[in-house]
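Thank you all for coming. Today I would like to walk through how some helices pack in one structure, and then turn to a pocket.

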Amino acid sequence: MQLEALLNYPRALPAMPRAVSDLLAEMNKEDPNPRRVGDLISSDPALTTRVLRLSNSAFFRVSRKIGSTDEAVALLGLTHVRSLVMAAALGSSFKNVPGIDLKQFWRYSLRSAEIARSLASLLRQSEGNAFTAGLIHGIGILIMHIAMPDEMGPLDMGTPPLDLQRASAEMAAFGYSYAEVGAGMVEKWQFPPEMVSALANQVSPFEGEAYDPLAGLLHLASWRARAEELQLDNNGLAATFPDMVGLTLGLDLDSVLGKDPSEWSFSQALGAFVD
């Protein structure tokens, strides 16, 4: 299936819930209104439930229980609320994807998001943008499996969805990868241009005319999360580390692994995706 046809496949791209669409429009304004954001979340009971569950998970480590959307906005800030809204929307949109273990996929996505946020702090980039980009960077994998289950099945057998060579295998098979598919999706969902660019360039963030630090950060974060899913040992980590991307960003293997504190907890946040 050609990329344009895939992005226009009716069942592959879930419709943006009206509340989420309105929220993104508000949060994309130069001066978004926090009260308006809280009201828009509250207008959708299912969205409210998921946002509050995520807000109170160990993943965000808040100091006290958050009981309302207004509190979530006040305590977490708009950048994290954007991430929560997208997490809630995506978790409810993708319920059954052929060939994908959704629990593993969301675990991997959350891990990528937190590593991206930590690296952004180190590099003095926007932590909120990094977290959101990390959370959604692999959405193209889901869309491809929904639209092309017969084509994806054989590919999965040889190169599983979270394999480090997955993007290369998709390029060889289809001429595009989950990166371009994800970028097309978030563009349709009217994400900011820098987010679209980061997803599009995440596989090769500094090749050719591309120079996209957020995409480079995503590249490192997803490598680390995939390596964890594959249970690579120290030799495996050293052998597969994307050193050219790290060098461009001024990060070596030790600095990337150093942003991997053992106390990270994903179990509660994961439950908000898969329940």
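**Helix packing and a pocket**

The helices α7 and α13 are oblique to each other, because angles under 35 degrees count as roughly parallel, over 145 as roughly antiparallel, 65 to 115 as roughly perpendicular and the rest as oblique. Before going on, I should say that this is a predicted model, in which local features need pLDDT of at least 70 and side-chain atom pairs count only at pLDDT 80 or more, while totals for chains, interfaces and linings use all residues. Residues are numbered from 1 along each chain as its sequence is written, and side-chain values use heavy atoms, with hydrogens and water left out.

Two packed helices are described by the angle between their axes and the distance between the axes. For α7 and α13 the angle is about 55° and the axes are 10 Å apart, where axes are lines fitted to C-alpha atoms, for helices over the stretch in contact, and angles run from 0 to 180 degrees between N-to-C directions. Helices (H or I, at least four residues) are DSSP runs, numbered from the N terminus. On the α7 side, Ala 130, Ala 133 and Gly 134 make the contact, meaning heavy atoms within 4.5 Å, with Leu 214, Leu 217 and Leu 218 of α13. By class, this contact of α7 with α13 has 5 nonpolar, 1 polar and no charged residues, where Ala, Val, Leu, Ile, Met, Phe, Trp, Tyr, Cys and Pro count as nonpolar, Asp, Glu, Lys and Arg as charged, and the others, Gly among them, as polar.

Helix α7 (residues 127-136) also comes within 10 Å of helix α12 (residues 193-201), axis to axis, and the two cross at roughly 45°. That makes α7 oblique to α12. Here Asn 129, Thr 132, Ala 133 and Ile 136 in α7 meet Glu 194, Met 195 and Leu 199 in α12, and the residues of this contact divide into 4 nonpolar, 2 polar and 1 charged.

Which arrangement do α2 and α3 take? Helix α2 (residues 18-27) and helix α3 (residues 34-42) pack at about 170°, with axes 9 Å apart. That makes α2 roughly antiparallel to α3. Their contact has 6 nonpolar, no polar and 3 charged residues.

Finally, α13 gives the most to the lining of the largest pocket, with 4 residues. By class, that lining has 6 nonpolar, 6 polar and 3 charged residues. A pocket is, on a 1 Å grid over the protein atoms alone, an open set of points where a 1.4 Å probe fits, with protein on both sides within 12 Å along at least five of seven lines, and lining residues have an atom within 4 Å of a point.
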